[in-house]
Amino acid sequence: MGPRRNEINTLDNTTLRSSPLFISSPVEFLLSPRRIVLKMQQGEGSETQVTWEDQQNINKFGRLNNRYHELEEEIKVAKEANENLEDASNELILSDEDVLRFQIGEVFAHVPSEEVESRLEKMKEDAAKELQRLEEEKESVLAQMAELKKILYGKFKDSINLEED
Amino acid sequence: MEVSASASTAAVTERRGIPAASFVEDVEAYLKQSGLDVNSSLGFLQERLQQYKIVEMKLLAQQRDLQAKIPDIEKCLDVVAMLETKKAAEEALITDFEVAEGIYARTKIEDHNSVCLWLGANVMLEYSLEEAKSLLEKNLENAKASLEVLVGDLQFLRDQVTITQVTVARVYNWDVHQRRIKQAVKESKS
């Protein structure tokens, strides 16, 4: 079931019709599940060649974009974890029991409160470090994406669109 | 990735059953070489994209499974570690655990010498603490390694998808470009 003459199926299953002579809209397709649109538009007559290096840059940009979205999700989860640990340690300060039920795996072990406190501190430290590591990776990914955008826009100008919907 | 300018294929021709998309240096040469007209070649590329999509779904499902499995193994390791410390201190471990949904029972674990591990397929084996720990650690390592390979596969796959999409656009644009030239020639003659 290939495309009929003068029709092109894009990846989101819309069809662009064109007469043999004139394209009314550019060919669009999704660069990533997150809907970055890579539009390669009809040039005025000159065709910018796509070299292997350009292709690699486009690939890298797509990969970075995916990683960026994954990181956003992971950062959200890490922030929640940090908050939960904060709440837990606040509760700990308020409570005055000697033995608390501390969740390990699926069970709640009875643990003396000093040990709970030290465990909680360690968990908070780890969670904070993890969050910081994720934030730093996000910054680096964004910086690399900005660099690639400069390069790709420089070569292709209007024929390429690297923004998100 | 240094690839010579004259090569029109990627450095790998396939990875674990996923065919690589060959990069097209020049659209005209590519069409001549494959002997296909524009529509057939576009059809072929679209088909390739569908195949890639199917593989991507499969890999994503595998990735989700692994990502759920790893925290589970880590939790098991925590429990084993807890038992070890209690054993060293020669104290009993008092825990509340779930007997049924929402119902918890208090237990006192005095014999810390062995644990039972669920191996899957309705099989559960008893292990000493050290054996259990090393088995769990091995499982964890394997899971993490598999996940890494899987992520690599997904990245490779997405690159191939991108290359194919760009090729589709270029072939299409080239075709339109050709038609425009022909039309211009026709108009100048008439």
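This is a guided tour of a predicted model, moving from the chains as wholes to selected helices, ring pairs and single residues.

**Chain A as a whole**

Begin by selecting chain A and colouring it by secondary structure. Chain A contains 2 helices and 6 strands, and their order along the sequence is β-β-β-β-α-β-β-α. Of its 165 residues, 37% count as buried.

**Chain B as a whole**

Select chain B next. Its secondary structure amounts to 3 helices and 6 strands. Starting at the N terminus, these elements follow the order β-β-α-α-β-β-β-β-α. The radius of gyration of chain B is 29 Å, whereas the globule rule gives 16 Å for 190 residues, so chain B is more spread out than a compact globule. Orient the view along the principal axes: the C-alpha trace of chain B spans about 100 × 40 × 25 Å. Of the 190 residues in chain B, 37% count as buried.

**The helix pair of chain B**

Keep chain B displayed and select residues 38-89, which form helix 2, together with residues 129-189, which form helix 3. The axes of these two helices come within 7 Å and cross at roughly 160°. An angle over 145 degrees counts as roughly antiparallel, and helix 2 of chain B is therefore roughly antiparallel to helix 3 of chain B. The crossing of helix 2 of chain B past helix 3 of chain B is left-handed. Now colour the residues of this helix contact by chemical class: 29 are nonpolar, 11 are polar and 12 are charged.

**Aromatic pairs between the chains**

How many aromatic pairs does the structure hold over all chains? There are 2. A pair of aromatic rings is described by the distance of the centres and the angle of the planes.

For one of them, select A:Trp52 and B:Phe23 and show their side chains. The ring centres lie 5.1 Å apart and the planes stand at 50°, so this pair is tilted. The pair crosses between chains: A:Trp52 belongs to helix 1 (residues 52-94) of chain A, while B:Phe23 sits in the loop between strand 2 (18-19) and helix 1 (27-34) of chain B. Are the two residues buried or exposed? A:Trp52 has a relative accessible area of 11% and is buried. B:Phe23 is also buried, with a relative accessible area of 2%.

Move on to A:Phe108 and B:Tyr104. Here the ring centres are 5.8 Å apart and the planes meet at 70°, so the pair is edge-to-face. This pair, too, crosses between chains, from strand 6 (residues 107-112) of chain A, which holds A:Phe108, to strand 4 (residues 103-109) of chain B, which holds B:Tyr104. A:Phe108 counts as partly exposed at 25% relative accessibility. B:Tyr104 is likewise partly exposed, with a relative accessible area of 43%.

**Two loop residues with positive phi**

Return to chain B and select B:Glu90. Its place is the loop between helix 2 and strand 3 of chain B. B:Glu90 is not a glycine, yet its phi is positive, at about 55°. Its relative accessibility is 72%, so B:Glu90 counts as exposed.

Then select B:Asn122. Where does B:Asn122 lie? The residue is in the loop between strand 5 (114-120) and strand 6 (123-128) of chain B. B:Asn122 has a positive phi of about 55° as well, although it is not a glycine. With a relative accessible area of 69%, B:Asn122 is exposed.

**Two distances to draw**

For a distance within chain B, select B:Val99, a residue of strand 3 (residues 93-100). B:Val99 counts as exposed, because its relative accessibility is 53% and exposed means over 50%. Draw a line from its C-alpha atom to that of B:Gln155: the two residues are 56 residues apart along the chain, and these atoms are separated by 43 Å.

For a distance within chain A, select A:Arg133 in helix 2 (residues 113-156). A:Arg133 is partly exposed, its relative accessible area being 42%. Join its C-alpha atom to that of A:Val99: the separation is 34 residues in sequence and 34 Å in space.

Conventions
Residues are numbered from 1 along each chain as its sequence is written. Chains are lettered from A and ligands numbered from 1 in the order in which they are written. This is a predicted model: local features need pLDDT of at least 70, side-chain atom pairs count only at pLDDT 80 or more; totals for chains, interfaces and linings use all residues. Side-chain values use heavy atoms; hydrogens and water are left out. Axes are lines fitted to C-alpha atoms, for helices over the stretch in contact, and angles run from 0 to 180 degrees between N-to-C directions. Helices (H or I, at least four residues) and strands (E, at least two) are DSSP runs, numbered from the N terminus. Angles under 35 degrees count as roughly parallel, over 145 as roughly antiparallel, 65 to 115 as roughly perpendicular and the rest as oblique. A crossing is left-handed if the near helix is turned anticlockwise from the far one by less than a right angle, and right-handed if clockwise. Ala, Val, Leu, Ile, Met, Phe, Trp, Tyr, Cys and Pro count as nonpolar, Asp, Glu, Lys and Arg as charged, and the others, Gly among them, as polar. Rings of Phe, Tyr and Trp (its six-membered ring) pair if their centres lie within 6.5 Å; planes under 30 degrees apart count as stacked, over 60 as edge-to-face and the rest as tilted. Buried means under 20% relative accessible area, exposed over 50%, partly exposed in between (1.4 Å probe, protein chains only). The radius of gyration is taken over C-alpha atoms; the globule rule is 2.2 Å times the number of residues to the power 0.38.
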